[in-house]
Amino acid sequence: MTVIVALLSTSIVLTLGLMLALTTTLETDIAANGHGAVQTLALAEAAAERAAAELGALASWDDALAGANTAAFFDGAHGVRPAGGTAIDLDGETAWLLCGAASCAGHSPDAITAARPWGSNNPRWTVYASGTAAALLGPGGRAGPGYAVVWVGDDPAENDADPLRDGAEPVAEAGSLENPGRDAISLRAVAWGARGSRRELEWVVERAEPATHTGIRVRVWREVRGALP
């Protein structure tokens with residue numbers, strides 16, 4: 001009986017020890033995931049702020065919308081990038097924004113969908129800024145294994161049916177002489193971080209001084225969740 005009681009006691013202590021170890025491991029993982037997610041969101045916001053600042057210094061946003069002008073923080077718009085154990089397909093990410101699919105083959109960016117209901121005024125998202133967290137922070141920065149991309153697109157409030165130009169003349173079908181999207185541009189910032197974390201932001205920024213085309217201010221800031229299937 002003494003041996004049996006000893007064995008049972010040992011089993012109970014061992015079980016409690018294993019439960020404690022498992023709980024500690026789970027709590028550590030949860031804390032690490034939460035910390036990584038916060039860092040990734042901060043990276044997305046920093047990339048958006050950097051892109052917005054450079055856009056604010058441009059006299060015209062047409063070249064940026066057409067992909068002819070990019071930020072200083074830019075390492076390309078195509079190909080695959082590794083970040084925190086994740087392979088980032090820039091072409092695929094752009095296709096999801098433009099067409100709601102992994103490829104735009106057989107899909108029109110002008111198609112009216114729940115996510116893109118503006119038809120010919122749908123934003124033509126193009127990569128404006130891209131790079132690692134280390135490249136964004138520069139020398140001396142304490143950067144993790146993150147990667148961020150910022151796409152720019154015309155403000156969908158425009159009525160000129162020309163998403164590669166900012167504030168062109170409204171089309172006749174608009175029934176208006178004013179273009180409500182003039183001097184405004186949309187940004188989509190996505191960051192990937194440690195442990196597979198991903199955070200996404202959508203901004204709409206506008207000219208702080210429309211008369212002189214100088215300065216910039218944020219009109220809309222929101223975090224996008226569940227953007228990809």
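The side chain of Arg 199 makes a polar contact with the side chain of Glu 223, at 2.6 Å. The model in which this contact occurs is predicted. The two residues also form a salt bridge, with 2.6 Å between the closest N and O atoms. This pair links distant parts of the chain, with Glu 223 in strand β7 and Arg 199 in strand β6, 24 residues apart. Both Glu 223 and Arg 199 are buried. Arg 199 counts as buried because its relative accessibility is 14%, and the cut-off for that class is under 20%.

A polar atom of the Arg 199 side chain also lies 3.0 Å from the backbone oxygen of Ala 37. Apart from neighbours within four places in sequence, Arg 199 is in contact with Ala 37, Val 38, Thr 40, Leu 41 and Ala 44, with Ala 189, Val 190 and Ala 191, and with Glu 223 and Arg 225.

**Salt bridges**

The structure holds 13 salt bridges. Side chains of opposite charge can pair when their charged atoms come close. Three of the pairs are set out below.

| Salt bridge | Closest N and O atoms | Elements | Residues apart |
|---|---|---|---|
| Arg 198 with Glu 93 | 3.0 Å | β6 and α3 | 105 residues |
| Glu 223 with Arg 199 | 2.6 Å | β7 and β6 | 24 residues |
| Arg 219 with Glu 206 | 2.8 Å | β7 and β6 | 13 residues |

In the pair of Arg 198 and Glu 93, Arg 198 is partly exposed, with a relative accessible area of 29%, whereas Glu 93 is buried, with a relative accessible area of 12%. In the pair of Arg 219 and Glu 206, Arg 219 is partly exposed at 39% relative accessible area, and Glu 206 is buried at 16%.

Glu 93 and Arg 198 also belong to a network of salt bridges, in which they are linked with Arg 188, Glu 200, Glu 202 and Arg 222.

**Helix α3**

Glu 93 lies in helix α3, an element that is mostly covered, with 8 of its 10 residues buried. The buried residues are Leu 90, Gly 92, Glu 93, Thr 94, Ala 95, Leu 97, Leu 98 and Cys 99. They pack against six strands named as β1 (80-83), β2 (86-89), β3 (126-132), β4 (147-154), β5 and β6.

At the N-terminal end of α3, Asp 89 acts as a cap: one of its side-chain oxygens lies 3.2 Å from the backbone nitrogen of Asp 91. Just after the helix, Gly 100 takes a positive phi of about 70°.

Leu 90 is found in α3 and counts as buried because its relative accessibility is 0%. Leaving aside neighbours within four places in sequence, Leu 90 is in contact with Gly 76, Ala 77, His 78, Gly 79 and Arg 81, and also with Tyr 147 and Val 149. The C-alpha atoms of Leu 90 and Val 127 are separated by 8.7 Å, and these residues are 37 residues apart along the chain.

**The largest pocket**

The largest pocket has a volume of about 420 Å³. Among the 22 residues that line this pocket, Trp 96, Leu 97, Ala 115, Arg 116 and Arg 188 are the closest to its centre. One of these, Leu 97, is also a buried residue of α3, and Arg 188 is a member of the salt-bridge network.

Four elements each supply at least two residues of the lining: α3 (90-99), β5 (184-192), β6 (198-209) and β7 (214-224). The largest share, 4 residues, comes from α3. By class, the lining divides into 13 nonpolar, 2 polar and 7 charged residues.

**The chain as a whole**

The secondary structure of the protein chain comes to 4 helices and 7 strands. From the N terminus on, the order of elements is α-α-β-β-α-β-α-β-β-β-β. Of the 229 residues in the chain, 40% are buried. Among contacts with a separation of 6 or more, 56% are between residues 24 or more positions apart. The salt bridge of Arg 198 and Glu 93 joins residues 105 positions apart.

Technical notes. Residues numbered from 1 in each chain as written. Predicted model: local features only at pLDDT ≥ 70, side-chain atom pairs only at ≥ 80, totals over all residues. Heavy atoms only, no water. 1 Å grid on protein atoms, 1.4 Å probe; cavity = no way out; pocket = protein on both sides within 12 Å on 5 of 7 lines; lining within 4 Å. Points joined across faces, edges and corners; volume = space filled by probe spheres on them. Nonpolar A, V, L, I, M, F, W, Y, C, P; charged D, E, K, R; others polar. Buried < 20%, exposed > 50% of the residue type's maximum accessible area, 1.4 Å probe, protein only. Contact = heavy atoms within 4.5 Å. Polar contact = N/O pair within 3.5 Å; in protein donor to acceptor, adjacent residues only side chain to side chain. Salt bridge = Lys/Arg side-chain N within 4 Å of Asp/Glu carboxyl O.
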